[in-house]
Amino acid sequence: MKDRRPDGIEQYDHPAGGWDALKAVAKTLAHQQVVAQGTMTLLKANQPNGFDCPGCAWPDPKHTSSFEFCENGAKAVTWESTAKRAGPEFFARHKVSDLWNWTDHQLEDAGRLCFPMRYNAEEDRYEPIEWSAAFKLIADELNKLDNPSRAEFYTSGRASNEAAFLYQLFVRAYGTNNFPDCSNMCHEATSVGLPKSIGVGKGTVTLEDFDYADAIFSFGHNPGTNHPRMMTTLHNASRRGVPIIVFNPLKERALERFAAPQDPIEMVTLSSTPIASAYHQVRTGGDLAALKGLMKAVLERDAADIAAGGSGVLDRAFIEEHTVGLDAVRADVEATNWDQIVAVSGLTKDAIEGAADVYVKAKNVIVCYGMGITQHTNGTGNVQQIANLLMLRGNMGRQGAGIAPIRGHSNVQGDRTVGITEIPNKALLDGMERAFGFRPSGDKGHNAIEAVEAIIAGESKALICLGGNLAVAMSDPDATFGGMRKLDLAVHIATKLNRSHLLTAKTSLVLPCLGRTDLDTQASGPQAVTVEDSMSMVHASRGFLKPPSDVLKSEPAIIANIAKATLGDRHGIDWDGLIANYDRIRDKIEEVFPDFHEFSKRARVRGGFRLDVAASFRRWNTENGKANFLVAPGLDEDVLIKNPDALVLTTIRSHDQYNTTIYGLDDRYRGVFGRRDVIFMNKDDLARRGLKDGDRIDIRGLVGADEAAHLVRGFTAVEYNIPKGSVAGYYPEMNAVVSLHHYDRLSGTPSYKGVPVMVAASNG
Ligand SMILES: Nc1nc2c(c(=O)[nH]1)N[C@H]1C(S)=C(S)[C@@H](COP(=O)(O)OP(=O)(O)OC[C@H]3O[C@@H](n4cnc5c(=O)[nH]c(N)nc54)[C@H](O)[C@@H]3O)O[C@H]1N2
Ligand SMILES: Nc1nc2c(c(=O)[nH]1)N[C@H]1C(S)=C(S)[C@@H](COP(=O)(O)OP(=O)(O)OC[C@H]3O[C@@H](n4cnc5c(=O)[nH]c(N)nc54)[C@H](O)[C@@H]3O)O[C@H]1N2
Ligand SMILES: [Mo]
């Protein structure tokens, strides 16, 4: 590449982690004005008797009590425990139409919300409202709807088990299953795909399993940024000589080399540990082809071994005893030729065979994956092919082996476990009837896409959000924003101001709640909540900071009060009693879900407890009682991508953001500083369009023949090490080119990582 790079684009040669990570934390602490208190807070993250870090869902090691440094965990904690406040004076100073012009970074940087606020349309401002008036207003609006299914109840994955359980109780007692959830945009392909293959929509491994793995495969996740504590695990595995095979279109620095901030030698000597033993830059959306290639190579090795008089490389005993469907998968894989696999994956046959050799040689293999796998129109198929690959050699349900979906929000998995689902199963309905004496409706409700579609169509008139920033997280802001402005009621239970709150309805309320780090005191004294991590471990979390204002309520308290106002004494639920002592909520959780037996007691034990994941013990809760090999037909994810001029855009997180919360404008490991308006492109793709590094470009989403263009103008093209045909840009900015109709038909997961686009010199 040339010496002159676009403004803010530099070569970053350091390993991930190291001193730069410590410096970044110092900067965030200063920016959020919390230096002394903030440092203290950080020391309590993920400690026994401390709070669960809101940064990610990676589990805590069982036996550590020492402080585990995590740059992005520190940012998440610091942004929540900030000294900045967005109280009534703030809203008196700024009209909503002015705030609309602020960036997402500026909105959240205003600080913690302190008082319940209601929108006054004449003044175009949010004004303070008393809690009791707010609850009554919500109840009146909800009770006015001619049908409870005209209301949508969104959950973002930071909500605790206790809050999520009360929320689903309220909503089911109210009468709908409309539960759009952030996980619909995230790991839904896992939640839908894995139950059909292994009988549970969760990962099968524990943190300890990584100590016994002989090879680790990583598909489409960026742990150095999004799950930094996972780097400790990968760092240790690499040092043990475990091969780590990465499939990712971008060379993510932490997957190349990492300097562990807890390793005094690496810190003092400025050295680092290589992580990936092989790095395969698969094309965006090329994973299905790569996975079929891997299986093809494994089957070829098996045939060759048997021809040479060996016993083959498949785990035939496992396949025979535990599985169904290998013949169909074998036929599909055999019918897929290497030319197709190479063309779609963008990888050479040698590369795929090399990875297959590592796979076959290892006794125990774990496959980890993230959004690079799930956020595709064939996301569910991708997930199921990963399960197939593992099952070929019995890498499922035994020590050191299994599937590891790397979850996003710190309690996104728990929220689903305790009942946030638009498709309640019989066990859930039976449990609710047992515990509360009424049988909720079993009708299918809305997921996130369906909820937004119903809002746009004017069918749904009320939206309540338990956290999150639905409008900005969702595809197609033009359509989504317009729909939300037509609502009769919008309620946001939140810690910080964001753009969704500015999409005002006829009645709009922003209700401030306690965060993870805040002390939560109820009638019986200080409370703990519980969360479930990516590996099904459930444990307690206790905040200890003085809340930003005396007026704040906890999420459970806000939900209980809305429920009480809306339902009166319908079903005889003692809402006040439940929130007076959260043990009572946990007792009810236990009644509905027997797997939570002795919940409060077991949650208090250091490290918590693991929920039963049957597939971890080779019990298959599928319809046929077996683990199923499943075919995902074809290789191409989208007809539009066959357009020879199209490129496939993937939308990714920078190192300086938490979903729609933008901490800052740097993306250090990728060498981007002070800006986010860039598109990473291969140099051949630039040249083919007569473009060069630093040129201003427009990006248009291809959404089918007769729809309006989804356009982003005036971004800067950055020449980058990314496969030909693939381009990358930042989420959420790039949602403007993603059509609402572009999602996995099986799971409803939007295809944020496989967007067909056209790129051209900017004329805007
Ligand atoms: N600091 C921080 N932590 C977070 C979050 C955050 O925003 N910031 N978000 C949380 C949430 S909700 C989630 S879901 C997780 C997300 O964590 P990740 O799953 O790591 O999410 P992304 O950054 O979206 O990107 C994933 C990776 O996939 C790669 N990729 C893109 N397209 C493809 C593809 O087609 N195939 C393959 N194989 N790889 C591809 C990208 O290059 C990138 O490295 O992190 C959680 N933790
Ligand atoms: N293009 C594109 N779009 C994507 C993705 C992508 O990779 N690309 N990723 C998708 C994924 S994986 C996800 S999970 C979604 C994320 O979607 P969401 O979960 O809806 O979004 P967040 O940005 O995490 O929500 C941030 C807001 O949550 C509120 N908040 C923070 N902490 C708390 C709390 O403790 N309690 C309450 N009540 N509120 C709190 C704050 O007000 C903050 O503004 O986005 C999806 N959208
Ligand atoms: Mo997520």
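A polar contact is a pair of N or O atoms within 3.5 Å; within protein, one must be able to donate a hydrogen and the other to accept it, and residues adjacent in sequence count only if both atoms are side-chain atoms. The model is predicted, with local features needing pLDDT of at least 70 and side-chain atom pairs pLDDT 80 or more, while totals for chains, interfaces and linings use all residues. Residues are numbered from 1 along each chain as its sequence is written, chains are lettered from A and ligands numbered from 1 in the order in which they are written, and side-chain values use heavy atoms, leaving out hydrogens and water.

**Exercise 1.** Find which atoms of R653, M371 and T225 make polar contacts with ligand 1.

*Solution.* Begin with R653, where a side-chain N or O atom lies 2.8 Å from an oxygen atom of ligand 1. Turn next to M371, whose polar backbone atom is 2.9 Å from an oxygen atom of the ligand, and then to T225, whose polar backbone atom is 3.1 Å from a nitrogen atom of ligand 1. Finally, the protein covers 99% of the 910 Å² of accessible area that ligand 1 has on its own (Shrake-Rupley method, 1.4 Å probe).

**Exercise 2.** Describe how β24 is placed in its barrel.

*Solution.* Trace the closed barrel of 6 strands in the order β24-β30-β27-β29-β28-β31, where the pairing is mixed (two strands pair if DSSP finds at least two bridges between them; strands are DSSP E runs of at least two residues). From one strand to the next, the twist averages 45 degrees (between N-to-C directions of axes fitted to C-alpha atoms, on a scale from 0 to 180 degrees). Then look at β24 and β31 (residues 755–761), which run antiparallel and are joined by 3 bridges; L649 has V755 of β31 as its bridge partner.

Definitions and conventions: Helices (H or I, at least four residues) and strands (E, at least two) are DSSP runs, numbered from the N terminus.
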